[in-house]
Amino acid sequence: MGKVFRFNKDVDTDQIIASQYLLYPTVEEMKAHTFESLDANFASEVKPGDFVVADTNFGCGSSREQAPAVLKALGVRAVLAPSFARIFYRNSINIGLPAIVCDGLYDAVKTGDEISLDMEKGIVTFGDKTFPCTKLPVHLQKILDQGGLISSLDEM
Amino acid sequence: MGMTIAEKIIARAAGLESVHAGEIHTVTLDYLMSNDGTTHLTIDMYNKLRNPRIADKSKLVWIVDHNVPCDSPKTAASQKKMRDFARDNGITFYEGAGVCHQIMCEKHVVPGQLIFGADSHTCAYGALGAFGTGVGCTDYLYGMVTGGSWVMVPETIRFNLTGKLRDRVTARDLILTIIGLIGANGANYHAMEFVGDGMKNLTMSDRISICNLCVEAGAKTALMEVDDITLAYLEEHGGRKPAACFKSDDDAVFEKTYNIDLSTIVPVVAKPHFVDNLAPVDDVKGVKINEAFLGSCNNGRIEDLRLGASIIKGHKVADKVRFLVVPASQEVYRQALREGLLDIFMEAGAMVMNPNCSVCWGSCQGVIGAGEVLISTGTRNFKGRAGDKNSFVYLGSAATVAASAIAGEIVSPYTY
């Protein structure tokens with residue numbers, strides 16, 4: 001179980017982590033500024049195991065991998081939305097942060113609600129309601145299961 | 001079934017006779033471009049590998065363009081890491097030469113190539129008939145170590161362009177109109193392909209402007225055919241020759257085709273805070289501005305500067321308005337200098353800056369404050385993009401920006 005932090009549609013990568021922080025030497029130094037312009041308390045309130053739930057086209061804009069990376073560094077368990085922008089989605093899977101396509105969840109929850117995610121079964125549970133998630137294509141699930149793309153480089 | 005340009009380029013990179021949309025293939029990459037936005041993180045990940053190695057360093061191009069000149073000690077440390085690694089590993093490196101995509105077009109990309117760039121606007125290379133796509137540092141690292149990657153073959157949306165843009169209507173107005181039409185997510189995962197009789201009326205600069213912005217509609221890439229205009233550009237810039245020239249087959253399958261008559265396009269802006277929040281310029285006339293920006297990978301080329309200079313010549317920048325003019329490369333800067341354009345801008349009261357991402361990036365130059373309004377030829381206008389989270393960015397063409405800089409408010413590019 002984890003707490004929901006709910007955001008709207010078309011949340012772009014500048015909202016997730018603004019340009020002025022990107023050239024900080026490490027993601028650890030950047031993560032305190034996650035979602036700063038939308039929710040100044042997010043970085044201090046989010047706990048490992050919590051969820052980001054958003055509307056369509058989450059992560060649009062830049063290819064900055066810092067966007068999913070700061071979320072992962074803060075312990076976000078998964079990002080759930082009806083659709084994701086392409087580069088954010090690919091980056092998320094690559095670093096082992098589940099980006100899960102899930103219809104209906106955004107309308108049903110608000111920030112503060114508790115939900116749970118069963119990745120194996122592909123179901124999100126909120127109270128007595130369940131929401132099915134779209135299964136990842138096999139090759140992407142494999143990358144996620146390995147913890148990201150880099151671990152496969154070390155296998156070579 | 002025939003293939004689209006996107007399918008043909010991936011087939012070539014995969015070493016296959018044919019591929020089709022929806023399939024996943026392993027490909028060899030022709031170039032891997034990275035800039036100072038993320039390379040410092042890539043290097044840290046590289047150094048943590050059990051067996052760090054570079055497959056083919058000749059394919060790597062590293063460009064410092066985002067925070068140039070450097071804005072802080074933290075940035076200096078990150079850029080030093082990138083610079084030192086490039087030097088120690090013999091990687092092609094540019095710093096201060098210009099914006100990454102402009103450098104890649106001027107010096108490297110050739111038709112037929114498949115290119116990963118650690119920057120979303122890598123789709124710009126479609127203007128040169130190459131499949132360019134934006135990736136993050138992990139994909140970049142994987143490509144650096146193995147020389148390749150996996151790609152899912154995208155569906156293609158086709159734009160059949162006819163006619164000619166009217167006077168002071170630009171390619172920027174065209175691509176903003178298209179993004180407004182299909183939406184910020186309208187081409188998600190797709191290739192956007194531009195063809196038609198109208199193409200011969202679009203210069204290479206126009207084509208780069210069009211392809212560059214396609215990611216703002218969610219596109220994976222943008223593509224165009226190779227013609228005499230492409231070949232002339234390549235010849236002028238280092239005598240480069242195509243790797244391969246592709247056209248979509250007559251029986252290729254497109255998910256959708258739009259027919260656009262260029263002569264129907266009017267000057268437009270993207271209003272805060274979304275690139276698809278379109279309006280004709282006339283609808284936002286009178287909005288007071290604090291800063292204007294002419295530059296970026298989208299509109300920092302000589303043609304954009306000529307257009308801006310032709311409008312501002314003999315006029316002055318409005319009182320209390322900052323107008324930054326930033327050529328996208330040293331080549332453009334020097335050309336503008338030779339043509340007397342920089343003098344025109346400075347006479348008008350504009351600030352002419354070194355080639356870099358500048359105001360578009362919102363971190364290093366021309367950052368705007370709370371409540372301020374910017375009109376810009378930059379690529380994006382999301383909330384806080386150019387500075388304070390409570391600031392406002394309108395996107396428009398070089399003509400609209402120059403005219404608005406004179407007026408001190410958003411005006412039609414026909415005003416002066």
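**Domains, chain contact and two buried elements in chain B**

Author: In this predicted model, the centres of domain 1 of chain B and domain 2 of chain B, taken over C-alpha atoms, are separated by 24 Å.

Reader: OK, and how many residues does each domain put into the contact?

Author: Domain 1 of chain B brings 31 residues to the contact, and domain 2 of chain B brings 31 residues as well.

Reader: Which helices give two or more residues on the domain 1 side?

Author: On the side of domain 1 of chain B that touches domain 2 of chain B, these are helix H4 (100–107), helix H6 (171–182) and helix H7 (204–212) of chain B, and H6(B) gives the most, with 6 residues. Sorted by class, that side has 9 nonpolar, 15 polar and 7 charged residues.

Reader: Switching topic, how many residues of chain B are in contact with chain A?

Author: There are 43 residues of chain B in contact with 34 residues of chain A. Helix H2 (39–47), helix H3 (73–89) and helix H5 (137–146) of chain B each supply at least two residues of the side that touches chain A, with H5(B) giving the most, namely 6 residues.

Reader: And what is that side made of, by class?

Author: The side of chain B that touches chain A has 17 nonpolar, 16 polar and 10 charged residues.

Reader: Now strand S2 of chain B: are its residues buried or exposed?

Author: In strand S2 (residues 31–35) of chain B, 5 of the 5 residues are buried, so this strand is largely enclosed by the rest of the structure. Tyr31(B), Met33(B) and Asn35(B) point one way from S2(B), while Leu32(B) and Ser34(B) point the other way.

Reader: Which strands does S2(B) pair with?

Author: One is strand S5 (residues 114–117) of chain B, which pairs with S2(B) in the parallel sense over 3 bridges, and there Met33(B) stands opposite Gly117(B). Another is strand S3 (residues 60–64) of chain B, which runs parallel to S2(B) and is joined to it by 4 bridges, with Ile63(B) as the bridge partner of Asn35(B). Between S2(B) and S3(B) the chain passes through H2(B), and this β-α-β crossover is right-handed.

Reader: Last one, why is helix H10 of chain B described as largely enclosed?

Author: Helix H10 (residues 302–312) of chain B is largely enclosed by the rest of the structure because 8 of its 11 residues are buried, among them Ile302(B), Asp304(B) and Leu305(B). The elements covering its buried residues include strand S14 (291–295), helix H11 (330–338) and helix H13 (398–407) of chain B. H10(B) is followed by Gly314(B), whose phi is positive, near 85°.

Notes:
Residues are numbered from 1 along each chain as its sequence is written. Chains are lettered from A and ligands numbered from 1 in the order in which they are written. This is a predicted model: local features need pLDDT of at least 70, side-chain atom pairs count only at pLDDT 80 or more; totals for chains, interfaces and linings use all residues. Two residues are in contact if their C-beta atoms, placed from the backbone, lie within 7 Å. Ala, Val, Leu, Ile, Met, Phe, Trp, Tyr, Cys and Pro count as nonpolar, Asp, Glu, Lys and Arg as charged, and the others, Gly among them, as polar. Domain bounds come from an automatic or database domain assignment. A residue is buried if 20 or more other C-beta atoms lie within 10 Å of its own, exposed if 12 or fewer, and partly exposed in between; C-beta atoms are placed from the backbone. Two strands pair if DSSP finds at least two bridges between them. A crossover is right-handed if, with the strands pointing away from the viewer, the path from the first strand over the helix to the second runs clockwise.
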